[in-house]
Amino acid sequence: MDYVKLGNTDIEVSRFCLGCMSFGDPASKMHAWTLNPDESETIIKHALDLGINFFDTANTYSAGTSEEYVGRAIKRNIQRDKVVLATKVYFNEGHLSKGAIEKEIEGSLKRLGTDYIDLYIIHRFDYSTPIEETMEALHKLIKAGKVRALGASAMYGYQFFNLQLAAEKNGWTKFVSMQNHYNLLYREDERELIPICKQFNVSLTPYSPLAAGRLARSQWHTDTLRSQTDQTAIAKYDGMESADRKIVQRVQELAEKHHVTMTQIALAWQFAKGVTAPIIGATKTQYLDDAVGALLVSLSDDEITYLEELYVAHPIVGAL
């Protein structure tokens, strides 16, 4: 496993982040395909064995049970200071208001069983709260030692830019990572958000790097429980299926040429584009083995162009 620094911090993260939305009680009715505590621990332990030290969850994943399962697994398998735990705030009452942030951080700390969060991420942009109120509240978490670094997630470029400027102007902590929607089938953030991130030396840790599996297989749909029930993924990708299938075919073609998997081609493309750590969700240990193999795949400039040239503009998915 390779490791890199997160933004301008001294926090060292693995080149893959384990996305923990797959863990949690399905009774929460968020997703029907999430794993129970023991199954979740099996995946997390295997990630640790592979050298993955970066884990991403959220306060609202499976009504908080994802954080509980992650916290339990970490406590049972590794020293707390050997991992980088990220969680999020926004999809809760009060969104990113001062009161909401103060309340939600305490809930996340309790569920994760820790006294600090390595990376605290705002899950979306909050139109209802002044950005100064949000940034000052987040800065106070840093000063209190409850959070080590700040990250942001899917939003428009101008919104992220204004948040960074507000922090800079007032001497508050700036964001060091961006968890945006980015893959070969969705590249809208290349227009503004990603260049802004590079301007601020903000690490890219995109979610859905495999487009909910559509870049990992030749068939658009499968008969798995997730494929049949994940309405979020269906809404994200199926509307552009006719155009995007052509890109998937090129991923398959290059996978055959390199004698690797489609997953590895899709992730190798991410690394070629300057991504720090794509977020990989997994319900089976072999999916992690497959993903990590991408570190050994190198794409030529011509191959990157070949993968990208059929892309057409997509409706915005992610930013609210």
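Start with the lining of the largest cavity, which by class has five nonpolar, two polar and one charged residues. To see it in this predicted model, select Leu96, Ile122, Phe125, Asp126, Thr129, Ile131, Thr134 and Leu163, the residues that line the cavity. Colour them by class if you like: Asp126 is the charged residue of the lining, and Thr129 and Thr134 are the polar ones. The space they enclose comes to about 40 Å³. A search of the whole structure for cavities of 30 Å³ or more finds one.

Now clear the selection and turn to charged side chains. Side chains of opposite charge can pair when their charged atoms come close. The structure holds 19 salt bridges, and this tour stops at a few of them.

**Stop one: helices H1 and H2.** Select arginine 72 and glutamate 41, whose side chains meet in a salt bridge at 3.6 Å, N to O. This pair links distant parts of the chain: glutamate 41 sits in helix H1 (residues 37-49) and arginine 72 in helix H2 (residues 65-77), 31 residues apart. Which of the two is buried? Glutamate 41 is, with a relative accessible area of 11%, while arginine 72 counts as partly exposed at 31%. Next, add Asp38 and Arg76 to your selection: together with Glu41 and Arg72 they are linked in a network of salt bridges.

**Stop two: inside helix H9.** Move along to residues 241-258, which make up helix H9. Here, select glutamate 241 and arginine 245, and you will find a salt bridge between their side chains at 2.8 Å, N to O. The two are four residues apart in the helix, about one turn. Arginine 245 is partly exposed, with a relative accessible area of 34%.

**Stop three: from H9 to H12.** Stay with helix H9 and pick lysine 257, then show glutamate 303 as well. These two form a salt bridge, with their closest N and O atoms 2.8 Å apart. Lysine 257 lies in helix H9 and glutamate 303 in helix H12 (residues 301-308), so the bridge ties together parts that are 46 residues apart in sequence. Are the two partners buried or exposed? Lysine 257 is exposed, with a relative accessible area of 52%, because anything over 50% counts as exposed. Glutamate 303, by contrast, is buried at 7%, under the 20% cut-off.

How values were computed. Residues are numbered from 1 along each chain as its sequence is written. This is a predicted model: local features need pLDDT of at least 70, side-chain atom pairs count only at pLDDT 80 or more; totals for chains, interfaces and linings use all residues. Side-chain values use heavy atoms; hydrogens and water are left out. A salt bridge is a side-chain nitrogen of Lys or Arg within 4 Å of a carboxyl oxygen of Asp or Glu. Buried means under 20% relative accessible area, exposed over 50%, partly exposed in between (1.4 Å probe, protein chains only). On a 1 Å grid over the protein atoms alone, a cavity is a set of points where a 1.4 Å probe fits but cannot get out, and a pocket is an open set with protein on both sides within 12 Å along at least five of seven lines; lining residues have an atom within 4 Å of a point. Grid points are joined across faces, edges and corners, and a volume is the space filled by probe spheres set on the points.
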